[in-house]
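Student: I should like to go through this structure and ask, for each descriptive term, what justifies it.
Tutor: Please do; each value can be set against its criterion.

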There are 2 protein chains.
Amino acid sequence: MALIVQKYGGTSVGSVERIQNVARRVAQYHREGHRVVVVVSAMSGETNRLVALTQALSENPDPREVDQVIATGEQVTIGLLAIALQEIGVPAKSFTGWQVPIHTDSAHTKARILSIEREAIERELDAGKVVIVAGFQGIDVEGDVTTLGRGGSDTTAVAVAAALQADECQIYTDVDGVYTTDPRIVPEARKLDCITFEEMLEMASMGSKVLQIRSVEFAGKYKVKLRVLSSFEEGGEGTLITVEEGQSMEQPIISGIAFNRDEAKVTLLGVPDKPGVAYQILGPIAEANIDVDMIVQNVGHDGTTDFSFTVSKNDLKKALGILEEVKRALGARAVEGDRSVCKVSIVGVGMRSHPGVAAKMFKVLADEGINIQMISTSEIKISVVIDEKYLELAVRALHKAFDLDAPQE
Amino acid sequence: MALIVQKYGGTSVGSVERIQNVARRVAQYHREGHRVVVVVSAMSGETNRLVALTQALSENPDPREVDQVIATGEQVTIGLLAIALQEIGVPAKSFTGWQVPIHTDSAHTKARILSIEREAIERELDAGKVVIVAGFQGIDVEGDVTTLGRGGSDTTAVAVAAALQADECQIYTDVDGVYTTDPRIVPEARKLDCITFEEMLEMASMGSKVLQIRSVEFAGKYKVKLRVLSSFEEGGEGTLITVEEGQSMEQPIISGIAFNRDEAKVTLLGVPDKPGVAYQILGPIAEANIDVDMIVQNVGHDGTTDFSFTVSKNDLKKALGILEEVKRALGARAVEGDRSVCKVSIVGVGMRSHPGVAAKMFKVLADEGINIQMISTSEIKISVVIDEKYLELAVRALHKAFDLDAPQE
């Protein structure tokens, strides 16, 4: 008898029939004697529909009111799933974010979870019920409804699992696990049986879209056993995300190739090369709640340097506006923006013990005639920013070069 | 400078454009210096869509979960209206039922308002904001979301007006006021400039559909000045619902003809004619939360009597099921149900001082060959239950006979 948190995304609950399917799967776990908490997203398309309504009324709608509107998507799903479960004889009770409550900060549309109260959920679990929690939402100190941003339901699931010290957090999605890369780009991509949190973190942040990055951070931090599974296939084991560095003796050097099309490059040219500059540039960007991804600063010359970073394509216009101010304040030479870039990364804990991985990556790209615009490295990841048009070519070439095409042992 | 509560129904907020229209109207009052609280319903069709989802999953869905689902309709509208107001420069803030909070009992899908906290609303009004409150919903002591039943947004508006001691409660709807009867049935029906609470109560309860009966009760009880207006026409005065018995010297005997198609007749035959019987019959009906409308008990003979009452057609099956139990307990002879009935009523405070009104009504119906199945009278209303097929004929004949066709002075 285990405590299991299951999360079903919008596609998995996209219709009455699919909600009934989810109910049957949940019922099976409940019948086996497990304590089950289910976190659900809005029915697919619903959040987009609600966002479109707010945007039809304003180009820049008040985020508090946007949250008030879009949080309803999940509230509908939790009620419907509770009804579907009760209909097949499984006692169930739904909770919105504020009913749990899930406390967040007040960064509307991008809020972060501060704490989750366990009492209400545990009381219902003790009463033998399946507890259904609305993903993606919470409540701030003002009593206002907040949302966690796209993919926030994953974060809700992991945070609930952490708060309840669940035995496993299962993320049901429309793919059956984590792949070495996107199979739509590389047909030879294969499913990984397991991947480390660190690798998953790097994969997710690159836009692998299987799991939201914050949910993986949470899972790693609170040691939540996380499993990605298909909600449409029965019996699959999915991909287990573990703390250990792989189960197999012979760890592959690279676990996967990640990429992200949603990158835009911003460069501030001729910045005075003195202490405090990076903060003066990125401080206002952070205050505007713009997520910065890669940051590169080259060695300066003539007392100035160039400072580049990448942001989401959506945030480019806003970032450029802010940097015009910064440029004046710093006396920098110019601000440049480029939307036609993408990021490609190779990820693997194995690279720690294998030198020469970066060199190999750069050679593969050079052999294909792909120019590298920015480079950033971490312990287990090497990322490059390249022209968007080379994305598929780069991913395929790297996937092959690092032996990921080979069938798994 | 007045404190005005305005309520807009689902048709008035049925699209982005209509929400913008509502925002412009609200902005006008705000610019004139009034303190404005707006209560809104779900966008038209939305509550039906949500109810249909719950019913697709279960014939008898858990009312708590139904409320969880259907309360989202109003939550969407309040956020959208707040955005629309802000877009035209009017500061605004939205509140769900639980955010106000509006405390209700726990009769899910039919909850009653117990109290409304003024603090949050008044704080935002003091800050110069338009406050937007979700109609139709509240929160119970368990912290569960409740809804007030169809038309509940009117009740919310009046209850908010009462709690805030507003100067006027304006109900915007798709008609421009209260008519002597439904113009779809009698084209000569005319708009009333004013009507008393008591008359309105009798008109509303008969299905005039302009205002929900509970909202009128509330308004009368708390002396809220209530006005019914069109949300599509500019400049109309609508119909004022007042405490005084009419403004004109020559009060008409009858103010209007009301009717209700949603009536089903239930009869318990051969009930022992002894004290406590009525309670034994209607107690279990009330416990099942079934609203009873007309109740008629004839003089008994042979120690037994027949007991009839009417309920909503939707509740007939449930009522008959309960009465089968009651029949056995009381040793009654039989239970009968009839769906093909309707109720027609003449309403007017003038009938207090004019004898012979009932006789005239019965003669009009007799002249048309309409059989009367049940009669019930109050100080200002006479109602009859007749065969449903005679509804239009009866209403037209009565409207003409009581001089309501005549053009208003």
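Student: What is the strand order of the open sheet of six strands in chain B, and how do its strands pair?
Tutor: In this predicted model, the order is 16-17-15-18-20-19, and the pairing is antiparallel.

Student: What makes strand 16 (292-297) and strand 19 (372-378) of chain B the edge strands?
Tutor: Each of these two strands of chain B pairs on one side only. As for the geometry of the sheet, neighbouring strands are turned by 30° against each other on average, direction ignored.

Student: How do you know that strand 19 and strand 20 (residues 381-387) of chain B pair?
Tutor: Pairing requires at least two bridges. Strand 19 and strand 20 of chain B are joined by six bridges in the antiparallel sense, so the criterion is met. Within this pairing, B:Ile372 stands opposite B:Ile386 of strand 20.

Student: Which helices lie across strand 15 (256-272) of chain B?
Tutor: Helix 9 (residues 277-287) of chain B lies across strand 15, strand 16 and strand 17 (304-311), and runs at about 30° to strand 17 of chain B. Helix 12 (residues 391-401) of chain B lies across strand 15, strand 18 (334-347) and strand 20, and runs at about 120° to strand 15 of chain B.

Student: Why is helix 4 of chain A called roughly antiparallel to helix 4 of chain B?
Tutor: Helix 4 (residues 72-87) of chain A and helix 4 (residues 72-87) of chain B pack at an angle of about 180°, with their axes 10 Å apart. Angles over 145 degrees count as roughly antiparallel, and therefore helix 4 of chain A is described in that way relative to helix 4 of chain B. The contact involves A:Thr72, A:Gln75 and A:Val76 from chain A, and B:Thr72, B:Gln75 and B:Val76 from chain B. These residues comprise two nonpolar, four polar and no charged.

Student: Why is B:Thr146 called buried?
Tutor: Its relative accessible area is 0%; the term applies under 20%, so B:Thr146 is buried. The residue lies in strand 8 (residues 145-147) of chain B. Leaving aside neighbours within four places in sequence, B:Thr146 is in contact with ten residues that can be named: B:Asp67, B:Thr104, B:Asp105, B:His108, B:Ala111, B:Phe136, B:Gln137, B:Gly138, B:Ile139 and B:Asp140.

Student: What makes the pair formed by the side chains of B:Thr146 and B:Thr104 a polar contact?
Tutor: The distance is 2.7 Å, and the cut-off for a suitable pair of N or O atoms is 3.5 Å. The two side chains therefore make a polar contact.

Student: Why is A:Gly300 called partly exposed?
Tutor: A:Gly300 has a relative accessible area of 27%. Buried would require under 20% and exposed over 50%, so A:Gly300 is partly exposed. The residue lies in the loop between strand 14 (292-297) and strand 15 (304-311) of chain A. Not counting residues up to four places away in sequence, A:Gly300 touches A:Asp273 and A:Thr305.

Student: How do you know that strand 13 (residues 256-272) of chain A is mostly covered?
Tutor: Of its 17 residues, 15 are buried.

Student: Which strands pair with strand 13 of chain A, and over how many bridges?
Tutor: Eleven bridges join strand 13 to strand 16 (residues 334-347) of chain A, in antiparallel fashion, with A:Gly256 opposite A:Val347. Strand 13 and strand 15 of chain A pair over seven bridges, also in the antiparallel sense, and A:Thr267 stands opposite A:Ser308 there.

Technical notes: Residues are numbered from 1 along each chain as its sequence is written. Chains are lettered from A and ligands numbered from 1 in the order in which they are written. This is a predicted model: local features need pLDDT of at least 70, side-chain atom pairs count only at pLDDT 80 or more; totals for chains, interfaces and linings use all residues. Side-chain values use heavy atoms; hydrogens and water are left out. Helices (H or I, at least four residues) and strands (E, at least two) are DSSP runs, numbered from the N terminus. Axes are lines fitted to C-alpha atoms, for helices over the stretch in contact, and angles run from 0 to 180 degrees between N-to-C directions. Contact means heavy atoms within 4.5 Å. Angles under 35 degrees count as roughly parallel, over 145 as roughly antiparallel, 65 to 115 as roughly perpendicular and the rest as oblique. Ala, Val, Leu, Ile, Met, Phe, Trp, Tyr, Cys and Pro count as nonpolar, Asp, Glu, Lys and Arg as charged, and the others, Gly among them, as polar. Buried means under 20% relative accessible area, exposed over 50%, partly exposed in between (1.4 Å probe, protein chains only). A polar contact is a pair of N or O atoms within 3.5 Å; within protein, one must be able to donate a hydrogen and the other to accept it, and residues adjacent in sequence count only if both atoms are side-chain atoms.
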